[in-house]
Every structure is written in structure tokens, then in C-alpha cells.
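Student: Could you please take me through a single part of this structure in detail? I should like to begin with one place in the chain, and then see how it fits into its surroundings.

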Amino acid sequence: MDITARHKFLNGIKTFKNALSLDNQETMIMVDTLVDSLHDERARMLRNGLAVIGYSILEDFLKKRAIEVLSQIGTIRNNPIAFNELPERLKKASTINALKGISAEVEKMNKQKMDINRQILFVQEESSKIANTQEYSYELSPFSMGWIQSNLGHEDINQSLTIFGVDGGWEAIREITNLAEVTLARPIDSFKSAASRRHNAAHDADTDSPYDNLLNYVNEATSIAFSFDTLITKSLYFISRQDRAYLRGDKKIRTEDISIRLIRRQGDQWKYFKNKNSPRPIKISRTGYQDLLNSFKNRSTCKDEVLIVKDENNIIVDWELYSFS
């Protein structure tokens, strides 16, 4: 089975969290004595390494999930839509922005002194995707976001949300975290802080990444990833329904468009609720949440719903969105 961006992210953030677990605190935290300077230096270097890795886990997800959604637009189940019927912002992104993204990628290849024939083949293959948007069957370019820098900035995320028709940018992400009851007061600041930790840890040998900041990042990164995924995947739902207001650009994706179901761990049970305010669960499992999640998937093909899975500490551990298979 292909590893999706979501599965890769969840596996990565779980490993990141384990590296910060209580079993490793003695290794990861400074020791307040004069004789343990070697331990302190080792702990600082380990934390800095995790600062780089942690940011990369989220950045990789944001990039790859955007590409996954783009790749599905031309092939939505039983209901393909002509390229010319897509919203103007998506058509511009998958042609004009894609050219910028392809050009930036070629520049990276040049700096890496990659063989010229490989560069030419790359340009031919990627530019053909742009040309094929004139045909009935097409695939939007993975470079449609137009990201040209090596690392994503907060404005890149804002731009990608706009391309998919999300109203409010980073504020929409904050509203989704509130809707999911994992509220981040300022998700954009969480992202900026992670990017800054990553940059300092990668380029300043004397920097120090605080342990508590890294521990808090587990919830911050997961909440941002879930919210971003929920918002941009909504575009697939509107396109699959051939929602004319959305296709014309008259309708934006807003928080009130999102309907959330919930699986929550309580003691040794996983409980499935119709929504976060439901007093009683629909189903209960003692063997894990996967069977509850599968039950949601089996009934949610092209339904306008999101399923979020939380542990006993209210931390998101998984989620499932609209199915178009």
C-alpha cells in the first residue's frame, strides 16, 4: 500500500514524540550541575537535531498533502471535471505558478550539477502536465503551489490555502483548531517558531532548542497538519459535487463548512461520537480505534464529514477525511 502524506506525518510525529518521552528526559534536559557539562552539551545537540527534524516532518506533510490533493482533482471518482471549469485560482496555479515551480527546481538541479539530460527530461515530463490541461484527461502539476524556496515560509502556506479557495488563511487554521477543541491561539506563530528553531539549529552551532518548546510542538504540528488537510481537502468535495458557486470563485471554504465526528480514548475504550457534543457514543471498541475508523470510511464516501481521533490527553493521534475512491 502506498504511504500517504498523512500516514507518513503521523508516523514521523509519533517517533518525534517518543524521542522526547519521559524515558529520555534525563538525556534530553540539561543537568544543573557544574560537573555535567559534557552531558549538557550532548543534550543540547540532541534537542537541536530534533528541532530540525520536527519542522521537516510538518513541512514535508504540507508539501506532499497539497500535491496529493492536486493529483486527485483531474480524476475524481465517476465525476471528472473539465480543466476550464476549475476555479480561476487553480487554473492559474497549475499553469503559470507551475512554470515558476519547475524553473526553481531546475535551478536546484543546476546547483547540484545534475546531468543536463536528466534536467531536460524533467522539464519535458513536467511541462507536458501543463500542456495536457487542454485535454479532457489531465493531471495538475505537483509544482502548482509555485513554492520556490528550499523551506516553506508562513506566506507559502497562506498562498496555498488561497489557491484551494480557503477563506482567511492562517486564521482559518486557527478556527479549525478551535472547532476540533485543540485550540492554538496563534498557529502562524507556532509555525514561525518551529521554522526559527529549525533555522537556528541548522545554522548556529551555539543555539539551544528548549525541551518544553519541542514537547509542545507535538500538539502544535499535529493541529496545524490536521487543520490544513481538512481545509484543502474540502476543495475536492466541492469539485466532486461540481458546486458551481465554488467553481466560479463565488464561494470560499469556511469553518462553518466543516462537520467533525470524533473518536476519543476513555480509559481502555475508544468511543465513537456523532459529533463532539454528543453525550453518548455510537460505537465502542476495546481493541483500538482502527475498526471504528474503518466504519466511518465505509459510510463516508463523498460525505461531507471529517473524523478526528484523540487520545486521553486530547491530543490528535489520527484523522480521516472525505473519501473519493
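Tutor: Let us begin with a term. Helices and strands are runs assigned by DSSP, a helix having at least four residues and a strand at least two, and they are numbered from the N terminus. You should also know that this is a predicted model.

The place I have chosen is Ser209, which is found in the loop between helix α8 and helix α9, the latter covering residues 211-240. Is Ser209 buried or exposed? Its relative accessibility is 2%, and a residue under 20% is called buried, so Ser209 counts as buried. Beyond its neighbours within four places in sequence, Ser209 is in contact with Arg47, Asn48, Ala51, Ala201 and Leu214.

One of these contacts, Ala201, leads back to the helix before the loop, for Ala201 is among the buried residues of α8. Helix α8 runs over residues 187-203 and has 17 residues. From its first C-alpha to its last it reaches 24 Å, close to the 24 Å expected at 1.5 Å a residue. The buried residues of α8 also include Ile188, Phe191, Ala194 and Arg198. To read such a list, it helps to recall that an α-helix has 3.6 residues a turn, so residues three or four places apart point the same way.

Around the start of α8 there is a charged pair. Side chains of opposite charge can pair when their charged atoms come close. Arg186 and Asp189 form a salt bridge, with their closest N and O atoms 3.1 Å apart. Arg186 has a relative accessible area of 48%, so this residue is partly exposed. Asp189 is likewise partly exposed, at 31%.

Other contacts of Ser209, namely Arg47, Asn48 and Ala51, bring us to helix α3, which covers residues 37-73. This helix takes part in another salt bridge, in which the side chains of Lys8 and Asp60 meet at 3.3 Å, N to O. Lys8 belongs to helix α1 and Asp60 to α3, so that pair links distant parts of the chain, 52 residues apart. Lys8 is partly exposed at 41% relative accessibility, and Asp60 is partly exposed at 24%.

Helix α1 offers a useful contrast. There, Arg6 forms a salt bridge with Asp318, the closest N and O atoms being 2.7 Å apart. Asp318 lies in strand β5 (residues 316-320) and Arg6 in α1 (residues 5-19), so the pair ties together parts that are 312 residues apart in sequence. Both of these residues are buried. Together with Glu320, they are linked in a network of salt bridges. The count for the structure comes to 19 salt bridges.

Finally, let us place Ser209 within the whole. The protein chain has 11 helices and five strands. Ser209 is buried, and buried residues make up 49% of the 325 residues in the chain. Among contacts with a separation of 6 or more, 65% join residues 24 or more positions apart. A compact globule of 325 residues would have a radius of gyration near 20 Å, and the 21 Å of this chain agrees with that. Along its principal axes, the C-alpha trace spans about 70 × 60 × 35 Å.

Note on methods:
Residues numbered from 1 in each chain as written. Predicted model: local features only at pLDDT ≥ 70, side-chain atom pairs only at ≥ 80, totals over all residues. Heavy atoms only, no water. Salt bridge = Lys/Arg side-chain N within 4 Å of Asp/Glu carboxyl O. Buried < 20%, exposed > 50% of the residue type's maximum accessible area, 1.4 Å probe, protein only. Rg over C-alpha atoms; globule rule 2.2 N^0.38 Å. Contact = heavy atoms within 4.5 Å. Expected span 1.5 Å × (residues − 1).
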